[in-house]
Each structure stands twice: as C-alpha cells, then as structure tokens.
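Q: Please take a close look at the nonpolar interior of this structure, and then at one strand in it. Go slowly, as I am new to it.

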Amino acid sequence: MGSHNILQIAVSVPLPTLFDYLAPVGAADVTEGTRVLVPFGKRKMTGVVMGKADHSEISPDRLQTVIEVLDQGVPLLDEQLTGLLRWCWKYYKHAPGEVVASALPPALRTARGKVPAPALNYSLTDAGRERLQQPAGRTPAQHRMLEAMAAGALGDEALATVGGQWRKTLARITEQGWVKAHPTPPAQPQIAPGPVLIPDQESAVNAILDQFGRFGGHLLDGVTGSGKTEVYMRLLEPVLSAGRQALILVPEIGLTPQLIRRFRSRLGLNPAVIHSGLSAGERLEAWAEARSGRAALVIGTRSALFTPLPRLGLIILDEEHDASFKQQDGFRYSARDVAVKRAAALDIPIVLGSATPSLESLSNAIAGKYTWHRLRERATNAPMPAWRVLDLKQQSTMHGLSSIALDAISETLKRDEQVMVFLNRRGYAPVLMCRQCGWHGGCERCDANLTWHRSIGRLCCHHCGSQRAVPRLCPECQADALTGAGEGTQQLEETLEQRFPKFPVLRFDRDRISRKGVMDQQLEQVRGGEPCLLVGTQMLAKGHHFPGVTLVVIVNIDQALYSADYRALERMGQMIQQVAGRAGRMKRRGTVILQTHFPDHEALELLLNQGYETYARWLLQERQLAGLPPAGFQALLRAEAHDREVAERFLNDAIQSFPAGETRAYGPVPAIMERVGGRSRMYLVIQGDSRVALHRQLDQWLPGLRKLQSARKVRWAIDVDPQEL
Ligand code: ADP
Ligand code: ZN
Ligand code: ZN
C-alpha cells in the first residue's frame, strides 16, 4: 500500500472521533479540508477530510472507500481553518464531525451543495473591437452589448441592462471570440473622510496601529457613544487599503441595517453579511465571496467566525461581553475565545470593543495579556444620564410600576419626549425574597444563593445541590411577605396603555420583533421623534440609539441582586449601563430611574456611584475569593431526560468515576430553568484553579461516561467555560 492513503474524515454524527476511509482508487492526492461522500452505515454521508495516515486501527478488509471527492481543486477549508477546528473539538470536547459541519454554510453540508462559481467580468478582445467598427447588421443586440463593453469590463448585472435574452447574446459573442471572461477583481475601498478624532480615540487608534502586523488582543473599553465604531473604521482603512480582509463580529441583535449602511458609506464597499436569518443561498454566496477573497469586509454574527478568509488582516468583535457570542447548544463554543485563537494563529490583531467589558476580558487587560484602551468621554459631548434609585419598600406599585415612576413618565411625555420602560424578564434565576426585611434564601452548606423552583416548591443550591422546602412565612421576620422577584410585570404593557391612552406603546421583545419588518417599522417611528413609550427586554439594551428618549425606567433588578447564578451581577451591571447609554444621546440630559427593594445593596452603590470599572473590579475580587471564572475554570456535565430521576442517576454514576486531581466535581444540581420542553435538566459542576488540570481530568473521564449503562437514557453534553447554569 502507498503511504497516506488512509483519509481521516469528519462525518457529522455525535461521536467523538474521525473515521478512517481508503482514498478512492486513482484519485489525485486528496487535500485536508476537502469534502467527500462516504458510506456510513446504511447511508451515504458528506464528510470533510481532516487528516491522513498510512495506518488504521481498522483491519484493511473492513476499511471502506470514499465514494466521491466532492470539491475538486482547492479544498473547501484552508489549512488555517482546519487547524482552528481541530483545536475547537479538543478544547470543547465536542464531536469533530459536528464541529466541522458547523463551520460550513448549511448549503454545503450535503453532497448536492456546490460552491458557486466566482462572478465573472467580460471585456472586449481585439477581434471584438474590430467587430464593433462594423455596422450592427442583423445582430443589433450583440452590437449593443459590445458597445456597452467598449468603456471597460462589465459584470452580469450591467450586461443584463442590455435587455432581451442577454445571456444568449453574451454566449454568442463569447463563442465568436469577441469578448473574454475573467474573475471579478476584489472591490476597492473608497474611503470617505470621518470626523476629527477626539484625543481618546486618537490614542487608541495610534496604539493599535502601532502593533499592526502581529497578534495582539486589544480591549477597546469605551462608554456608549464614545466613538468605538469610529475607531473600528480608522483601523479598517489601512487594512482594506492594503488589500487585506477584515472580519467584524456583532451580537445577534446588533446587526442592524444602520450599522451596515454606516460601514458601507464610510468605507465605500459592500460588506458581505453572514447571519442565521439569511436564506441558504444568500449565506452560501456571501461565504463564497469571502473565501475567494473578493469580499474585503465580512460582518456577521457568531457563526461567521468560521468563514474562510485567505487574506484576513484584522478581527473586530463588537459588544464583546454579549451572551450571544456563546453558542448554547450542540457545539457550545465561545466565538470570542475562538476568535482570539484565530487571530493568534494568524498573527494578526483582534479588537474587543465594549462599554461594559466581560470580566474575562477585563481580567486579561488587568493582567496585561490584552492592551487596554479606554474611551471615557462621549464623542458628541452628550452628557451621561442622571440616576435615581427608588426604594420599592416605601412605594405603592401598580403592576410593578411605582407612582413616582408613573409621574415621571407622564411629565416626560407631556414635554414631547420619549420614554423607555425596561423589563428584565429573561436570563435570571427566580429568587424568593421577603418584601418586608429583604431576606432571601442562602445555602447553609456553601455561600451560594438559593434558586426558587416553583414547580416543585423547593429552594435549591446550584453549587452543592442541597435543597429545602419553601417556607410560608419569612424565616427572618415572620412576615407573610415572601414573593418571587420579577413577578407582576406581565401586565405592564396594558397598564401603560391604560394610563397613557394618547401615546403609542411600542413593544420590543423577541416574540414581536421576530416578525419581519416590525422592528424596522417601530424603530422608524421612534426615530421620527414623536412622544411614545418603548417597552422591552434585553433587546432594547443593545445596538440601537434612541436620541429622543430622555427617561429610562428599569422596572425590576432584584432578581439579579440575589441570583444563584454568579454571573447575574455582572450581567445586571452591563444591562443597566447599556440601557442608560441608550438615553438622551443628543441634547437633553437623560434620567434613569431604577426601582428596587434593596437600594442599599453594595453592588448598586458601587455601580451607580463609582462606575462600571470599579464595580467590575469588585466583582472580579469576589470571583477570585470563590475560585470562580475567570479566576478559576469550569465545565458542566449537562444531562436531560423526561424523568428527573433518570438524569440524576446518570450524573450520580458519572460523579463516581470522576478522576482524582486538582479539579473537583460537584452535584448533581437541577438547572436554574429546570424543566424545558417537558424535560428535566440537571448538571454536575467541574471546577478548579488550573485550566490544564481541568482539561486533563475531563479527557480521562469522558471516554468512560459513554460506556455507562445510565448514559443511554439521557441526553448529555459537556459544556466547557459555561455561561449559563
Ligand atoms: P459607540 O460605538 O462607542 O457607541 P459611535 O462610534 O457610534 O460610538 O459614536 C457615537 C456618535 O458620535 C456617532 O453619532 C458618531 O458619528 C459620533 N462620533 C464618533 N466619533 C466622533 C468624533 N471624533 N467627532 C464627532 N463625532 C463623532
Ligand atoms: Zn422578612
Ligand atoms: Zn450549597
């Protein structure tokens, strides 16, 4: 047998290996990153060649042969990407086939999918020019087309304007040798001048440009409106002008038409846009443009990270703290962390921008692993909003709104200004607390807060797994005042409509704006500037600027203050800061009203009086004391089943076999949102101070888990660097 005729292939099945096949007889050397069709069980499946060997564990008579090589010529994924994907499946302990499949546009995950041919341009040959000298004769359409090309090469779009059956006409004149086709050259940027940079912007730009041409992590830590996007533009200019490509990743919600317009008009080229809302065809086209090198600028959400970019020179991640950069099912990767890996492998800079950096990035900046660029002034001189904390213990409320907040709303609307009412419905653990004295459940065995599982009437600790029944009266003050934080906000929209019948109430939440056009239509109405009420969830805190909004009311944050999820305070701080940043951007100073039962909470005082950075440093210290990320390292073993006992049995078996070492396993613990879609979700927490030890122990442990009897009845997965409990 010749050497290297065993191909190691990633096939999209949930198994932790590559699969060995024989290269097809007579096929030229099949390169890594090429798609192939292989027999798999009784089916044929598409796979990607991820390695080669001259020896297989499988006996030669049982090895099967590749049926067909699907991409002839250039492999679909270049060496740099296959290397990145290999790192991903090792680090995230996920099935290689699924990791590789997720890097392909959906249209290429089946054998039928083909990479579209590159767009072509057509220009006149000498023979064509001669033909043009002669009269049109009986082929006027051909003559018109040749005439159109006389001034320079044209693409399909321009040729279509010749009209008639232009494709046939084009084919004829090509046959005649009058025109020749060549690939469309990459778009050249046409840079429009931007504003004069303010000093903070200028020093950030200069410092980053100074380190161009090699790897460097840059944290662009700038308050909302400080001109981070303008800094991105200045960094993109030299990259694009030098003929390199750039990748910009934004949160799911942040990819607005306004943002794309802004890049287009400043840089003078059409970004290739990649996100999950596109049709398979659109997505494939954008992907192919990027891979061919013709698209100089690619903007997309999380999954765009794996786009092949042969001349990549810069990666930018905007709103780097945003939770949507973490994939929460299947291949659970952090697009932020993998993007940093990609930049390091390519030896190019990566810029992480945020008004409220994640504790992970902040601690990297503090440790000097990232260069830290601070923008502390607003570029437009718009003043930062004033805060007002309302103590709900001393207020009567109406479906969650205090009378003081209602009065403030009324006055604002009367002044012809806009109001934003922010609900914090999603993402936090339900907490039981006492309205009278502020008691909330804490774990007696460890320091964690307890989560209220209403369906089973229990308070659970998400760290050590201990539980107790829900008390009827407050254990501290005996008052009959126990209440779930975050309750009573459902009717808020109706309350507002009844109270302010003359003003439109625009709702922004996932259900409503997932309908096409609704978001844009509502945004248009807000931008029109007429007084109105915006009511919404997290989504309102991202990406958009609402210059007419001068009052923001944050209805409920108490859940976050005592959440079992140790990230809740980080997210709360980011959310409050981001929401406040949306308001009063132009002329008037905005006001932010924050309603809480706990106005004296240390976290609130720090955040509001000292600002996000001090607040975040305090949170980091707390995490350090508890050995939690980013100070420590975590993974979760997640399991779900129809019956809670089944999931629990598997996790109990699993924890028995956890190998000894620095890293410890805790649990089983019910997930904060325990029941989803009729299934019970539980997990083990794997935690320790060393990333290396964590990974070593996981790698020792996982193969055995697959063999457990109790593993057959559950869905289970490993979540490395989890973001949600
Ligand atoms: P961020 O991305 O930090 O929220 P933007 O880049 O969107 O901030 O800038 C906020 C506003 O300030 C935008 O309207 C932008 O055009 C304007 N802006 C940014 N930089 C400058 C500058 N140097 N001079 C004047 N206006 C600026
Ligand atoms: Zn009490
Ligand atoms: Zn506990």
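A: In this predicted model, the largest nonpolar core has 117 residues, of which Phe306, Ile554, Tyr615 and Trp701 touch the most other members. Such a core is a set of buried Ala, Val, Leu, Ile, Met, Phe, Trp, Tyr and Cys residues joined through side-chain atoms within 4.5 Å, where buried means under 20% relative accessible area, with a 1.4 Å probe and protein chains only. Helix H1 (residues 79-92) gives this core its largest share, 7 residues; helices are DSSP runs of at least four residues (H or I) and strands of at least two (E), numbered from the N terminus.

Leaving aside neighbours within four places in sequence, Trp701 is in contact (heavy atoms within 4.5 Å) with Leu637, Ala654, Ser657, Phe658, Pro659, Leu684, Ile686 and Ile718. Apart from the largest core lies another, of 29 residues, including Val205 and Leu255.

As for the strand, 7 of the 7 residues of E9 (residues 216-222) are buried: Gly216, His218, Leu220 and Gly222 point one way, while Gly217, Leu219 and Asp221 point the other way. E9 pairs in the parallel sense with E14 (residues 349-354) over 6 bridges, pairing requiring at least two DSSP bridges, and Leu219 stands opposite Leu352 there. E9 also runs parallel to E15 (residues 370-375), joined by 6 bridges, with His218 partnered by Thr371.

Residues are numbered from 1 along each chain as its sequence is written, chains are lettered from A and ligands numbered from 1 in the order written. Local features need pLDDT of at least 70 and side-chain atom pairs 80 or more, while totals for chains, interfaces and linings use all residues, and side-chain values use heavy atoms, without hydrogens and water.

Key:
Buried means under 20% relative accessible area, exposed over 50%, partly exposed in between (1.4 Å probe, protein chains only).
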